[in-house]
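This briefing is meant for a reader meeting the structure for the first time. Please keep the sequence and the model at hand while reading.

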Amino acid sequence: MIRNYFLVAFRNLWKNKAYAAVNIFGLSIAFAVSLLLFAMSYRILSVDRFHKNADQLYQGFFFANWPQKAEYQMAAPTPLQPLLKADYSDKIDYAARWCGGEGVIRYQGKEHQDCDLKYTDPDFLHMFSFPLLKGSAETGLADLKSVVISQRYAEQIFGPGVDAMGKSMEMFREGKWETFQVAGVADVSPDLESSLKFDLLMRFENQAISRDNANNWGAWYHFVYVQLKPGISQEKFEKAAQSLTKKVMPDNIADMKKEGAKPDARGDIFAFRLVKLEDVRFDTRFDRATSIWLVYGLLIIAGMILLIACINFINLTIGRGFTRTREVGMRKVLGAHRSQIIRQFWGEAFLLCVVALLLSVVLTGLGMPALNKVFGGKLKMTAFLNPQVLSWIALAFLLVTLLAGAYPALLISRFQAIQVIKSKFLAGKNGVRNALIVLQFSISTVMIICTLVVWRQMQFVRNTDLGYNTEQVLSIPIGNGQDGAKTLERMRQELSSNSQVMGISGMDINIGRGLDGSMSNSAIGFQHKDHEVKTNMVNVSHDYFKTLEIEMLEGRDFSRNTPGDSIQSCVINEAMAKALGEKEPLGQFINLHDENKTQIIGIVKDYHYASLHDVIAPLTFEMSPGMGINYIVVRMKAQSLNTSMDLLKDTWKKIAPKHEFQGSFLNDNINKLYENEERLSQIFLVAAVLTILLSAMGLFAIAVLVIAQRTKEIGVRKVLGASVGSIVGLLSKDFLSLVLIGIVIATPPAFLLMNTWLKDFALRISFPWLMVVAAGGLAVLVAFLTVSYQSIRAATRNPVQSIRTNS
């Protein structure tokens with residue numbers, strides 16, 4: 001019997017190829033897009049979830065309840081980890097510090113500059129499930145001269161197939177060469193979904209800054225991770241740790257109280273707290289957070305596209321069911337039960353869905369490279385072989401077939417046999433069909449509005465004057481193993497006589513994200529008179545403001561004629577001047593460093609040195625030899641931009657032949673700050689095109705069926721003198737009214753969705769209502785063109801043939 005159902009289903013689909021093709025095409029596109037977006041969302045959400053003890057892994061942070069707003073600091077002081085292990089051993093299994101470092105590796109005379117070096121504690125290997133191919137968690141970081149190397153980097157250093165265990169290599173760190181021995185080889189695959197990656201791990205104590213600040217609670221420069229004991233919740237630990245800051249940092253709390261800070265709902269002014277490792281990247285309290293909007297956007301878009309395809313399927317199946325009323329009537333007269341008719345029609349729907357799913361697998365494979373390019377990911381078809389992913393896909397497929405196939409089958413099976421045989425069956429009310437069309441175009445309109453709003457905001461971001469030159473300035477990472485100040489001076493000497501070069505300077509922190517992938521921030525807090533001041537810090541060289549064309553409002557720049565500028569002077573921005581609370585901040589002395597006071601010699605105009613997601617924060621510039629220069633900035637003549645990169649590459653080869661040139665324009669660096677938004681914009685654009693295309697396909701197919709049912713009516717109207725225009729208007733009016741209702745319904749959720757998204761930007765556009773009009777106009781235009789084509793065909797048909805038709 002089942003074989004017969006599928007055989008009849010196949011014959012019916014083969015007989016109605018156009019109907020089958022529309023449904024298969026729509027469903028396969030929807031399945032493919034949904035599979036791709038679901039897989040990418042799953043990949044993003046699965047970061048850091050592969051660790052065996054993922055449920056017990058947390059990252060520590062400090063909460064400060066300032067009067068102005070609460071602040072959350074992920075950096076931790078050096079003595080914190082030892083204190084946690086000593087005082088909270090009943091609640092913590094392991095604790096490890098984590099920070100990046102710089103070093104050049106040398107083996108058999110060959111140097112390697114690209115080492116991703118990380119400093120950590122021995123507990124790290126017990127906490128995180130990076131497979132150790134050689135060595136063990138107990139011995140990997142057993143002493144200060146032991147290192148753990150990734151398999152990929154071991155092959156790069158020692159050669160493919162060479163056993164790295166026990167091998168010695170040299171590393172240039174902190175101005176000298178040291179010898180280290182490989183005590184472990186870890187599998188840190190590039191495809192591993194982890195926020196913590198490394199080429200080389202070594203003991204935290206190997207850093208001079210760690211040794212010098214072992215007991216300094218003011219040295220905040222690394223992260224701390226903890227693994228709680230089984231049965232110990234985050235809430236239980238945080239309650240126990242409320243006394244931590246009172247014990248080791250009472251001065252901080254006292255200073256905050258002077259500022260007017262009060263306890264929060266949990267009774268904390270300043271406290272150490274935890275956030276689950278797998279949640280860190282989406283927690284907007286922290287600067288490193290990735291917007292969860294990206295994931296929500298992908299899943300919502302996948303769901304909407306799949307819903308529109310299902311609506312098409314339902315409407316077409318129901319519409320086609322009205323053309324098969326005699327078939328249903330004859331089956332009932334011949335003794336078919338309602339359940340058999342349901343199985344017959346649901347069998348056809350299931351067969352269509354299976355074919356569409358198989359075709360979508362091919363389309364998914366074709367579309368995956370494009371998706372990887374947009375997201376910079378390495379998604380592979382093997383991702384769908386994950387049992388958890390397969391179970392979700394199977395569940396979604398069953399829901400789609402039940403939704404899209406069961407309802408039409410139930411509705412068609414209700415046809416009354418006698419009325420059908422006598423041709424007295426009426427299509428009846430089309431409330432469900434109309435509601436589904438409204439829903440389709442509501443979704444399409446939401447997608448169009450979202451696309452236009454995201455596009456408009458990104459245009460605003462690109463065109464906003466940041467307050468400095470981004471288009472003519474290149475940033476060049478100096479890299480490991482070089483003296484930044486000396487490299488900068490050699491660059492100055494090489495380019496001093498070149499007329500294309502307008503300015504050269506250096507800085508310790510890059511603007512935006514360059515080709516080296518690094519993006520960091522340095523901040524300090526200090527007491528100024530009767531209040532606490534926090535400021536971001538940048539160490540620069542001479543001519544920095546001139547090179548970037550940052551406007552000096554008051555005072556002067558750092559001068560070569562004033563040697564004291566390198567140790568006793570600073571320049572601040574307007575936001576810092578306001579934070580100090582001085583009427584005349586120029587010339588004031590501030591206590592940036594404990595050992596001496598620093599005089600403010602200049603005030604520059606506020607400029608957007610960070611993303612437009614953030615307000616302009618206080619910023620202080622120093623020219624301290626001890627802080628170092630890590631990036632060279634060069635401003636070129638506007639007429640020389642096409643040749644500037646080649647000029648700088650050639651110059652770099654002369655002054656640093658062993659180091660790769662990684663120069664990039666500042667505007668490119670800044671654009672990388674908005675990669676998630678750009679990705680969302682591209683996804684919305686594709687989704688808007690697909691949703692309106694699928695909606696138009698569905699509307700076209702419904703129009704064909706409806707107009708076919710009204711063929712005699714059209715013929716009679718023409719005989720009675722109706723014009724082609726009036727008939728086209730009559731046939732189009734009903735559909736266009738549904739589209740207009742969909743636009744009205746779509747506007748409030750689109751406004752709420754995009755207004756919430758826009759709030760993530762400190763600088764943003766107001767909600768562009770004109771975009772709603774544009775989106776609605778586009779939806780109406782597409783609907784009109786879709787329906788009018790079929791309406792004109794019906795209206796221009798010979799009325800005699802229309803009246804004679806059997807429909």
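The notes below go from the whole chain to one sheet, the helices lying across it, and a few single residues.

The model is predicted. Its chain has 807 residues, of which 50% are buried. The secondary structure comes to 26 helices and 25 strands. Among contacts with a separation of 6 or more, 80% join residues 24 or more positions apart.

**The four-stranded sheet**

- An open sheet is formed by four strands in the order β16-β24-β15-β25, with antiparallel pairing.
- The edges are β16, residues 501-507, and β25, residues 664-665, and each of these pairs on one side only.
- In general, the strands of a sheet pair through backbone hydrogen bonds, in either a parallel or an antiparallel way.
- Six bridges join β16 to β24 in the antiparallel sense, and one pairing across them sets Met507 against Tyr631 of β24.
- β15 and β24 also run antiparallel, joined by five bridges.
- β15 covers residues 473-477 and pairs with β25 over two bridges, again antiparallel.
- Ser475 has a partner on each of two strands: Val633 stands opposite in β24, and Ser664 is the bridge partner in β25.

**Strand β24**

- β24 spans residues 631-636, and six of its six residues are buried.
- Both faces of β24 are covered, with Tyr631, Val633 and Arg635 buried on one side and Ile632, Val634 and Met636 buried on the other.

**Helices across the sheet**

- Helix α16, made up of residues 484-495, lies across β15, β16 and β24, and runs at about 175° to β16.
- Helix α20, residues 641-655, lies across β15, β16, β24 and β25, at about 25° to β15.

**Helix α16 in more detail**

- The 12 residues of α16 should span 16 Å at 1.5 Å a residue, and the C-alpha atoms at its ends are 17 Å apart, which agrees.
- Gly484, Thr487, Leu488, Met491, Arg492 and Leu495 are the buried residues of α16.
- These residues lie on the same side of α16 because they cover an arc of only 140° around the axis.
- The buried residues of α16 pack against β15, β16, β24 and α20.
- Lys486 and Gln493 are exposed, on the face of α16 turned away from its buried side.
- At the N-terminal end, α16 is capped by Asp483, which has a side-chain oxygen 3.1 Å from the backbone nitrogen of Ala485.

**Residues with positive phi**

- Gln108 is not a glycine, yet its phi is positive, near 55°.
- Gln108 sits in the loop between β5 (104-107) and β6 (110-112). Its relative accessibility is 69%, so Gln108 counts as exposed, the cut-off being over 50%.
- Asp543 is another residue other than glycine with a positive phi, about 70°.
- The loop between β18 (531-539) and α17 (544-548) holds Asp543. With 21% relative accessibility, Asp543 counts as partly exposed, because buried requires a value under 20%.

**Two buried residues and their contacts**

- Ser569 belongs to strand β20, residues 569-573, and is buried with a relative accessible area of 7%.
- Beyond its neighbours within four places in sequence, Ser569 is in contact with Phe558, Gly564, Thr598, Gln599, Ile601, Phe621 and Glu622.
- Thr691 is part of helix α22, residues 675-709, and is buried with a relative accessible area of 0%.
- With neighbours within four places in sequence left aside, the contacts of Thr691 are Ile305, Ile308, Ile443, Ser444 and Met447.

**A loop residue between the last two helices**

- Arg797 lies in the loop between α25 (769-795) and α26 (799-804).
- A relative accessibility of 35% makes Arg797 partly exposed.
- Arg797 and Ile714 are 83 residues apart along the chain, and their C-alpha atoms are separated by 9.0 Å.

Conventions. Residues are numbered from 1 along each chain as its sequence is written. Side-chain values use heavy atoms; hydrogens and water are left out. Two strands pair if DSSP finds at least two bridges between them. Contact means heavy atoms within 4.5 Å. Axes are lines fitted to C-alpha atoms, for helices over the stretch in contact, and angles run from 0 to 180 degrees between N-to-C directions. The expected span of a helix is 1.5 Å times one less than its number of residues. Buried means under 20% relative accessible area, exposed over 50%, partly exposed in between (1.4 Å probe, protein chains only). The arc is that of the directions from the helix axis to the C-beta atoms. A polar contact is a pair of N or O atoms within 3.5 Å; within protein, one must be able to donate a hydrogen and the other to accept it, and residues adjacent in sequence count only if both atoms are side-chain atoms.
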